[in-house]
Amino acid sequence: MDLAPAPQDSLTVQQANQHLRQREQQMGLALDALGGGHWEWDIRRQKLACHGRFYAAFGMDAIDTDDAWDRWHARWHPDDATRLAGTIERAMRGQLDTYEAEFRVLDTACRWRWVISRGLVGERDAAGHPLTLQGMAVDVTAQRDVEDALRASEAKYTTIYQTLPDPAGISRISDGRYLDVNPAFCELLGAERSAVVGRTSAELNIWASSQERARMLETYQREGKVDRLPMVAQRQGVRVPGLMSARPIVVDGENCLLFVFHDMTQAQRASDDLRALNDLLQQASRMARLGAWENTRGKGKGYWSEICCEIHGLSPGTPPPKDYIQQFVAPAWQETLRSKIRDCFVHQAAWSLVYKIIRADGRQAWVRAIGEPVLLDGKVIGMRGVVQDIDAAKRSEQQLRQSEDRFSRIFHLMPYPMGMTRQSDGAYVEVNPAWEQLLGFTRAQAVGSSAVKLGIFQVQERARMMEAIRQTGQINAFEVRMRTRTGEEHTALQSMLATEFDGQACWLFALQDITDRKRSEEQVREREALLQRLAHYDTLTGLPNRVLLAHRLQDCMAQARARGTRLGVAYLDLDGFKPVNDRLGHGAGDRLLVEVAGRLARALRPQDCVARLGGDEFAILLPGLASHTDGERLLQRLMDSISSPYTLDTERVAVTASIGYTMFPSDDADADTLLRHADQAMYAAKQAGRNRFHQFDAAQERARREQREQGLRLREALAQAQFVLFLQPKVLMQTGQVVGAEVLARWQHPERGLLPPGAFLPLLDGTPLEIDFGEWVVEAALAQLERLLDAGLAIPVSINISAQQLQHPGFSAWMVQCLARHPRVAPRLVELEITESAALYDLPAVAATLAELRALGVAISLDDFGTGYSSLTYLRRLPMDTLKIDQSFVRGMMADRGDRAIVQGVIGLAQSFGYQVVAEGVETKTQGQLLLQLGCAHAQGNCIAHPMPIDAFIEWASRWQPPAEWQRQNAEDYLI
């Protein structure tokens, strides 16, 4: 077999290789032009081959070396090497059919360059396994820089656009619809972006008028742009002035406008504020008398404000003088001011000077001028500054210095110690001679040191004083204790006021030495204390006296009320003191009283009080008692202590105590009354045998007090005519004839209404008012008799007479006078009712009085007969006309034989003595029938009629009829 190639085939192969080499050269040239290179990776040998000038920039060449890959990979950026490690590993092992990576590589100039490397499998073995990877690497640093710049530019634009404080956006020129708006635009409208995009300004009602957008488009069409066109938008009806700027742009092939609307609201407000501020500054400069000026070098003053003119006495608007210094500056300051101005121009030094001017009107005035250079390219071309009228302040300063001088003179001449201390550390900054004289320190020793360091004040004393001044900002006459240089203690009144001295906060203080006055006051207090003791304590025993006792008693009463406890008030009198005093003398008696006082004080509790009232009488207060038993236990301890023998010189004597006491608030009296009650109880103890204690009966006292008060009320009622008389008829039961009436008193109480006799007659019993009341009853009864006579009823009226009234001297004569005052009333129509007790009290005198009255024609009736203890002998001796059977017997005779026998006996006695008999308290018809059967014809009671006013009585008498049962009784069945 001929294996040699044919010439034609050989030529074809050579042409193909040559074509391949040409293509490789073309590809190399293309890669070089693109800034790239060709690489090949032998998977089996794990070797890299590089081709092209691209690799020369990284120190690589086309030589196929074993370390080519290591040298190439070593130049990769560590972050990229780490990031691509997995991809590179798989590619190198032939696990990837294609390969692409973008990473940074360090070139020979130590710059990081971005490289894109792409490759794919070049050759495979028979099994299809990759044998080589072939690819290219391209330097994309420039492209990457452009992309980064583009992204930065877009980010910058987006940031500026989004954060732009002015509303901005993009709108189509054709229909005016918004394609985009920034947040500021949304904020202006108060709407979300989604509600704005795609709509027009007319739909959103953005502009204050429809001509606004038309005017903007007209400007754009005319000039091709819009620059700061004044327009007025609106936000919720509020006009928003602004400046509109717009430029044409193309978005997605459509002509659009990029616009920015600058809100001038704040600017307008700022402009207004600026004008107001300028007006304020102008006003401030006028108030501060501060003028501005400016001049150009070599031309003198070129500008003067109105205030400058006023300061120099010129009319506003007057041109600045050409030679200011010569014309207005006082001679004494001219050279100094010229020197300041020269330094300003030569050395660019700012200056300030206070000097005098001579105004246009000839008056001199103080001013302060301040100037500074005006620079241009580092050269002084002029000067500007201000001038201030300080004439008033300068003159005030001079007056202040004069005032300070006067103050200093007065300060040093003041007779009172004065000075100043720093508020920060208390160090003296000034003291006057009077201070030096008082405390013994010289001014040189004091200034710079403090009162604590000098030993004048203790630390606590100064702290107390500073605490007082911190509360009010000053102190006036604050009492302090201080020590002089020699150690002498003084008391002074210190006054302090905040002030300023040499620019430091200080205290101005003044002292008044009151040491002598304090000693005098102390002596006065001691004398007052002695007088207080003499006024409140017994001089002999040292115990509280009556005055102090009264105060403590009031306190103890208040305490008992507040705490709900009891207070014992005791009155003690010594038994057997007078014999000791008479036998051993007053000296021994005084010593005995002192010993007794000591025993009393020791026997009592700490809260108790014992006081001497005088002589051998003592008062004792026992507060906080739970019961009277606790009080009696303490009193027994006192008696035991006092009863022990006493030794007076060589004599042994013994005394005891009688004690009366009362308990508050059971005895709810005032302080004086409590002592009086205890005194009364003490006398009761003495009467009971002495050497004992006795409790005051508060209940009995309250009853007596109530009785007294009721007596006063009764007297008042009598004076105010609150009592009235009712009439209860007496009748002849069988016929119904009204044969008389008894007057019964009632109390027409203004609050309680009509009260029966039982509510007030017992209160009158035995009192002086009983006679007054009885006399009123007699007078009122006689007046009612007259009214009965006027009504045609000539019937006797019974009047109850008390025992006290009956036995009152001159009673019969008084009755004669009463009858004389009522001449129409015959004595036979008057019947006086008395009780058995009244008759038996003084039988002879009563009998004589009754005899005198009967001689006048007045009838006498014995009331409530059978309830007393009268004998038949007494009954026989009394001049009598009628016996009245007590209602208790009448009430009981229906069921009780004894009561019936008494009734029958009284009727029999009346028959025997020739008296008329009347039954009281007839309540039922049956009682009346029985009385008629027993021989009693006359009766009174509720069965007949209740007591009634006289008008009702007169009406009742005209129509009353007896019960039928009484009328059926035969006349012979009754005798009286």
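Which residues does Asp-107 touch, not counting residues up to four places away in sequence? Keep that question in mind while you orient yourself, and bear in mind from the start that the model on your screen is predicted.

**The whole protein**

With everything shown, you are looking at a protein of 976 residues, of which 41% count as buried. If you colour by secondary structure, the protein comes to 34 helices and 36 strands. Among contacts between residues at least 6 apart in sequence, 53% join residues at least 24 apart.

**Stop 1: Asp-107**

Select Asp-107, which sits in the loop between strand 3 and strand 4 (112–121). Because its relative accessibility is 4%, under the 20% that marks the limit for a buried residue, Asp-107 counts as buried. Now show its surroundings, and the opening question can be answered: Asp-107 touches Ala-57, Phe-58, Arg-75 and Arg-113, once residues up to four places away in sequence are set aside. Within its own stretch of chain, look for two backbone nitrogens beside the side chain of Asp-107: that of Ala-109 lies 3.0 Å from a polar atom of this side chain, and that of Arg-111 lies 2.7 Å from a polar atom of the side chain.

**Stop 2: the largest cavity**

Next, turn to the enclosed spaces, where the count comes to four cavities of 30 Å³ or more. The largest cavity holds about 190 Å³ of space. To find it, select Trp-39, Leu-48, Trp-69, Tyr-99 and Ser-117, which are the closest to its centre among the 16 residues that line it. Then add the elements that each give two or more residues to this lining, namely strand 1 (36–42), strand 2 (47–51), helix 2 (68–74), helix 3 (78–92), strand 3 (98–106) and strand 5 (132–139). Helix 3 gives the most to the lining of the largest cavity, with three residues.

**Stop 3: Ala-267**

Move on to helix 8 (residues 265–287) and select Ala-267 within it. Ala-267 is partly exposed, with a relative accessible area of 29%. If you also select Gly-242 and draw a line from C-alpha to C-alpha, the distance to Ala-267 is 9.3 Å in space, although the two are 25 residues apart in sequence.

**Stop 4: helix 18**

Which residues of helix 18 (residues 577–584) are buried? Select the helix and pick out Phe-577, Val-580 and Asn-581, which are its buried residues. Viewed down the axis of helix 18, these buried residues fall within an arc of 95°, so they line one face of the helix. Rotate to the other side of helix 18, and the exposed residues Lys-578, Pro-579, Asp-582 and Arg-583 come into view. The buried residues are covered by elements including strand 21 (566–575), helix 19 (586–603), strand 24 (646–648) and strand 25 (651–653). Helix 18 is followed by Gly-585, whose phi is positive, near 100°.

**Stop 5: the largest pocket**

For an open space, select Glu-742, Leu-744, Pro-757, Leu-761 and Asn-800, which lie nearest the centre of the largest pocket, itself lined by 36 residues. About 970 Å³ of space lies in this pocket. The elements that give two or more residues to its lining include strand 28 (723–732), helix 24 (769–790), strand 32 (830–835) and strand 33. Strand 29 supplies the largest share of the lining of the largest pocket, five residues.

**Stop 6: helix 31**

Finish at helix 31 (residues 897–913), whose 17 residues reach 24 Å from the first C-alpha to the last, close to the 24 Å expected at 1.5 Å a residue. Along helix 31, Asp-899, Val-903, Val-906, Ile-907 and Ala-910 are buried. They cover an arc of only 95° around the axis, which puts them on the same side of helix 31. Display what these buried residues pack against, and you will find strand 33 (859–865), strand 34 (882–885), helix 30 (887–892), strand 35 (916–919) and helix 32 (925–934). On the face turned away from the buried side, helix 31 carries the exposed residues Arg-897 and Ser-912.

Both ends of this helix deserve a last look. At the N-terminal end, Asp-896 caps helix 31, with a side-chain oxygen 2.7 Å from the backbone nitrogen of Gly-898. Just after helix 31, Gly-914 takes a positive phi of about 75°.

Note on methods
Residues numbered from 1 in each chain as written. Predicted model: local features only at pLDDT ≥ 70, side-chain atom pairs only at ≥ 80, totals over all residues. Heavy atoms only, no water. Helix = DSSP H or I, 4+ residues; strand = E, 2+ residues; numbered from the N terminus. Expected span 1.5 Å × (residues − 1). Buried < 20%, exposed > 50% of the residue type's maximum accessible area, 1.4 Å probe, protein only. Arc of directions from axis to C-beta. Contact = heavy atoms within 4.5 Å. Polar contact = N/O pair within 3.5 Å; in protein donor to acceptor, adjacent residues only side chain to side chain. 1 Å grid on protein atoms, 1.4 Å probe; cavity = no way out; pocket = protein on both sides within 12 Å on 5 of 7 lines; lining within 4 Å. Points joined across faces, edges and corners; volume = space filled by probe spheres on them.
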